[in-house]
Every structure is written in structure tokens, then in C-alpha cells.
Amino acid sequence: MILDKYFKNPILWDYLIAILIVSILFYLNYINFFCLPKSERSLSMTSDLSNIGLTCTGFILTLLTVLITFKSSSKISKENYSDDNSLFEIFFASDLYFITVRILKNCIKSLIFISVFGYILKLGLKQEYLKFTFFYNVLGLIIIALTLWRCLMILTKVLKMQE
């Protein structure tokens with residue numbers, strides 16, 4: 001299934017998709033298919049995306065903390081689980097738990113990178129290059145959207161296990 005391939009290395013796929021879309025937009029801008037927005041508008045969006053990225057990082061960190069807390073209170077392990085245990089308890093004893101934690105941890109890293117990179121661009125670019133923050137904004141928006149979509153998929157699966 002395509003999602004299995006995606007979840008083997010989701011960060012790589014997120015950035016490949018985002019870079020491909022930004023490259024297409026860069027080319028379209030190069031051939032004057034569209035004009036870049038004013039740098040003030042792009043800078044405002046850069047700040048917004050960086051703030052959104054950091055806020056989402058906090059939510060994912062909270063989700064990760066809750067999962068780790070539930071895991072620490074779980075008494076079963078790979079060696080001693082039975083059919084009487086709930087699917088949610090078996091999840092904590094399985095390798096799927098560690099894969100989920102790894103994916104969520106990488107989501108946090110990706111969002112922090114996007115957020116900090118946005119602030120670095122805002123602080124470090126010369127005035128005449130600020131209009132190109134538009135491309136960062138597209139990249140950041142795609143990365144944030146794909147990361148949140150991935151977290152939502154994981155959260156949905158975890159909630160289904162609790163039923």
C-alpha cells in the first residue's frame with residue numbers, strides 16, 4: 001500500500017513533495033506566469049507559519065507525552081500479553097508503539113526545523129531577497145499540512161484501538 005511506503009520515511013516524502021511543488025512554482029515565476037507578492041506580505045506569512053509550526057510542535061509533544069505516560073503505566077510486555085488484554089494495551093507491547101513514537105518525534109523535529117528556518121530567513125535575508133520568502137511560505141505550509149495530516153492519521157488509529 002502507498003501509505004506503508006510513505007510511513008517508512010515520511011519526512012523524506014514530505015520534503016520531496018514540498019520541494020517539487022516549490023520548484024514548479026519557482027519555474028512558473030521565472031517564466032513570469034505569476035508575480036510574487038510584496039515582501040511585507042510574505043514576511044508576515046513567514047512569521048505566521050513559524051508560529052503555527054511551533055504551536056503544532058507543542059500539540060504533538062503533548063500527544064507524545066500522553067502516549068509515553070500510558071506506556072509507563074502499562075504492565076504488559078511482549079512476553080506476557082494475552083488475548084484478554086485490550087488492543088490498546090497490546091499496542092504498547094508491540095513494535096508499533098515504538099514506530100509511532102519515532103514518527104511523532106520526527107514530526108516535532110521537522111516542525112521545529114521549518115519554524116526556526118523561517119525566523120532565520122526573516123532575520124538574515126537582505127531586503128532585495130525578502131520577496132523570495134514566498135517560496136519558503138509554500139514549502140512551510142506544505143510541510144506543516146503533511147505533518148499534521150500524518151499525526152491525525154496516527155491519532156485516529158490509536159483512538160480506534162481504544163474502542
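Ser42 is found in helix H3, and in this predicted model that serine is a good place to begin a tour. With a relative accessibility of 2%, Ser42 falls under the 20% limit, so this residue counts as buried. Setting aside neighbours within four places in sequence, Ser42 is in contact with Pro37, Leu130, Lys131, Thr133, Phe134 and Asn137.

Helix H3 runs over residues 39–73 and also holds Thr46. Thr46 has a relative accessibility of 1%, and therefore it counts as buried. Beyond its neighbours within four places in sequence, Thr46 is in contact with Gly118, Thr133, Tyr136 and Asn137. Two of these names may look familiar: Thr133 and Asn137 appear among the contacts of Ser42 and among those of Thr46. For Thr46 and Asn137 there is a further detail, since their side chains make a polar contact at 2.8 Å.

A third residue of helix H3 is Ile60. Its relative accessible area is 4%, so Ile60 is buried. Not counting residues up to four places away in sequence, the contacts of Ile60 are Leu104, Cys107, Ile108, Leu111, Thr147 and Cys151. It is also instructive to compare positions along the chain with positions in space. Ile60 and Leu152 stand 92 residues apart in the chain, and their C-alpha atoms are separated by 9.9 Å.

Ile60 leads on to the nonpolar core. The largest such core has 38 residues, and the members that touch the most others are Ile60, Leu67, Phe91 and Leu104. Several helices contribute to this core: H1 (2–8), H2 (10–30), H3, H4 (87–93), H5 (95–124) and H6 (133–162) each supply at least two residues. The most comes from H6, which gives 14 residues. Leu67 shows how one core member meets its surroundings. Apart from residues up to four places away in sequence, Leu67 touches Phe91, Phe92, Tyr97, Thr100, Leu104 and Val158. Phe91 and Leu104, both on that list, are themselves among the core residues that touch the most other members.

A charged residue can be buried too, as Asp14 shows. Asp14 has its place in helix H2, and its relative accessible area is 0%, which means that this residue is buried. Leaving out neighbours within four places in sequence, Asp14 is in contact with Tyr6, Ile143, Leu146, Thr147 and Arg150. With Tyr6 there is a polar contact between the two side chains, at 2.5 Å. Thr147, one of the contacts of Asp14, is also in contact with Ile60. Here, too, sequence and space can be set side by side: Asp14 and Asn29 are 15 residues apart along the chain, and 22 Å separates their C-alpha atoms.

The loop between H2 and H3 holds Asn32. Asn32 has a relative accessibility of 67%, which is over 50%, so this residue counts as exposed. The backbone of Asn32 is worth a look as well: its phi is positive, at about 60 degrees, although the residue is not a glycine.

The last stop is the largest pocket, whose volume is about 380 Å³. Its lining consists of 15 residues, and those lying nearest the centre are Phe7, Leu96, Ile103, Ile154 and Lys157. Helices H1, H5 and H6 each supply at least two residues of this lining. By chemical type, the lining residues divide into 10 nonpolar, 1 polar and 4 charged.

Leu96, one of the residues nearest the centre of the pocket, is found in helix H5. The relative accessibility of Leu96 is 44%, and because this value lies between 20% and 50%, Leu96 counts as partly exposed. Not counting residues up to four places away in sequence, Leu96 touches Phe91 and Met161. Phe91 thus provides a link back to the core: Phe91 is touched by Leu96 of the pocket lining and is also one of the core residues touching the most other members.

Note on methods. Residues numbered from 1 in each chain as written. Predicted model: local features only at pLDDT ≥ 70, side-chain atom pairs only at ≥ 80, totals over all residues. Heavy atoms only, no water. Helix = DSSP H or I, 4+ residues; strand = E, 2+ residues; numbered from the N terminus. Buried < 20%, exposed > 50% of the residue type's maximum accessible area, 1.4 Å probe, protein only. Polar contact = N/O pair within 3.5 Å; in protein donor to acceptor, adjacent residues only side chain to side chain. Contact = heavy atoms within 4.5 Å. Core = buried A, V, L, I, M, F, W, Y, C linked by side-chain atoms within 4.5 Å. 1 Å grid on protein atoms, 1.4 Å probe; cavity = no way out; pocket = protein on both sides within 12 Å on 5 of 7 lines; lining within 4 Å. Points joined across faces, edges and corners; volume = space filled by probe spheres on them.
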